[in-house]
Amino acid sequence: MPYRVSNVRRLGPSRLTAGLDEHRRLDLNAHHKYHDRLPGQTVDALISMAEEVDLRGRGGAAFPFARKLRAVSARDGETVVLVNAAEGEPASLKDKTLLTRAPHLVLEGALLAASALGSREVVVAVGAGELAEASVTAAVAERGLTGLVRVVAIEERFISGEGGALVRAVNGEMGLPPGRKVRSSDSGVYGLPTLLSNTETFAQLAVLAELGPEEYAAVGTVQEPGTILLTVGGSVGAPSVVEAPPGVPLADVLALCEAKIGDGLLLGGYHGTWMSAEAAYGTVLSRRGAKEAGGELGAGIVVVLGEDTCPLGETARVAGYLAAQSAGQCGPCRLGLPDLARAFRQLQDGDPDGPEAVRRAAAAVKGRGACFHPDGSARFVLSALDAFADDVEEHRFHGGCGRETKGVLPLPVEEARDVRLMVDWTRCQGHGLCAHLVPELVKLDHHGFPVFMDTGVPSWLLGDAQKAVEMCPALALRIGAK
């Protein structure tokens, strides 16, 4: 996905974003104008600091960083530090912004951890062809770290940032979740114990080591000290990456970005939850505040919807995208997510039984997947039924709300040129064979005629889709670009 360097704004002190008002990108000399040179730390000292401020991972799961450090340090032999910069979430730009504009801060944190652990190598896994890849590669060369720090360009998909998928991609395998839980601290890069954490987390570690726990915790809340990065987009006047301390009202962040909520706000990205405008304006910015409001902060993604686009149409677009991003390795993902996307599209089109169909489809995938993707996708879709309850009723009884779907929620550009399974209705005779060959893409209506997923054919289904084309008795199917 092409990346535009985002505006950077802040509430409170500038820590991760220090210097970015004056510099488009901080080279090594500029970096040291705003950040001290860090002395080495023992692993016990790093663990103690991380525990004192309860430093959590910033990739979405909020796992305690000290526990990861302790787990890797307890292993014998060589270790590796892996920076997860595979920001496959289309609505997030914070990690790309850090690597593009402040790459040395991320490297400082990764090198600090690697030195404490005595690691064999630091690996930075980043989306291929991104500005972030070029920026961090230049930063590694500028420091003379070639051979110690390796930049690995990977194919960026929605699930590419999942820990197991990232390790497999770095190891030269397909970047898909392994289907079973494998802790990177046990076996990661090269099969070695690996400290795996998100881009922002390593930048936070560098800031923590520079300031010390007491000064680091001078802002934020007692439970969640420091600052966090947010990506604020959608129907806003000034889309930005925002650095803010936990505890401030979410409304202040929205005002900073010239945003005014119309129908709702998406918090936490495409595995997050929709919130009504009323709930969003009453939310405190923190993990705890988001949870109290019925959502999750996740990776710090805020997408605002105005009043000029159909919220159900926006949700349906993303539901179709999430179905196409399946790893195709388990039934709930391979079959369940297309069913969920199809049910939501029918709800958007005015099916009176739409809400119940969506809930049934979501129930069929929740808690049954081989990775997090089915659960996160179901959470996103189900939250729309509550946040947009009035729109749901409008679509059920009137077939729509009278608004177009403007495409406010960002999706990768290549999705607009996707490959699809198409039908010539003058030939189709309702044999139904296509629905048996590619049930992920085709269902049959009550007359026995095919109903197609309104999304592209994912790479792992191209072979099956071609087979359906070749075996169609009426020669009615073809594969083409929309």
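## Rings and charges in a predicted model

Let's start with a charge and a ring: the charged end of arginine 15 lies over the ring of tyrosine 216, at 5.6 Å from the ring centre. Keep in mind that this is a predicted model. Arginine 120 does a similar thing, with its charged end over the ring of tyrosine 190 and 4.3 Å from its centre. Here are both side by side:

| Charged residue | Ring residue | Charged end to ring centre |
|---|---|---|
| arginine 15 | tyrosine 216 | 5.6 Å |
| arginine 120 | tyrosine 190 | 4.3 Å |

Now for rings that meet other rings. Searching the whole structure turns up five aromatic pairs. One of them joins phenylalanine 158 and tyrosine 321 edge-to-face, with 6.1 Å from centre to centre and 90° between the planes. These partners come from distant parts of the chain, 163 residues apart. Phenylalanine 158 belongs to the loop between β4 (149-154) and α7 (163-170), while tyrosine 321 is in helix α12 (residues 311-324).

Are these two rings buried or exposed? Phenylalanine 158 counts as buried because its relative accessibility is 8%, and the cut-off for buried is under 20%. Tyrosine 321 is buried too, at 4% relative accessible area.

There's also a group to look for: Tyr270, Trp274, Phe380 and Phe388 make up one aromatic cluster.

How far can you trust the picture? Average pLDDT for the chain is 91, and 96% of the residues score at least 70. Residues 1-5 are below 50, though this stretch has 17 contacts in the model beyond near neighbours in sequence. Where pLDDT is low, don't read the predicted coordinates in detail.

Key:
Residues numbered from 1 in each chain as written. Predicted model: local features only at pLDDT ≥ 70, side-chain atom pairs only at ≥ 80, totals over all residues. Heavy atoms only, no water. Phe/Tyr/Trp six-rings, centres within 6.5 Å; stacked < 30°, edge-to-face > 60°. Helix = DSSP H or I, 4+ residues; strand = E, 2+ residues; numbered from the N terminus. Buried < 20%, exposed > 50% of the residue type's maximum accessible area, 1.4 Å probe, protein only. Lys NZ or Arg CZ within 6 Å of the ring centre and 35° of its normal. pLDDT = per-residue confidence, 0-100. Contact = heavy atoms within 4.5 Å.
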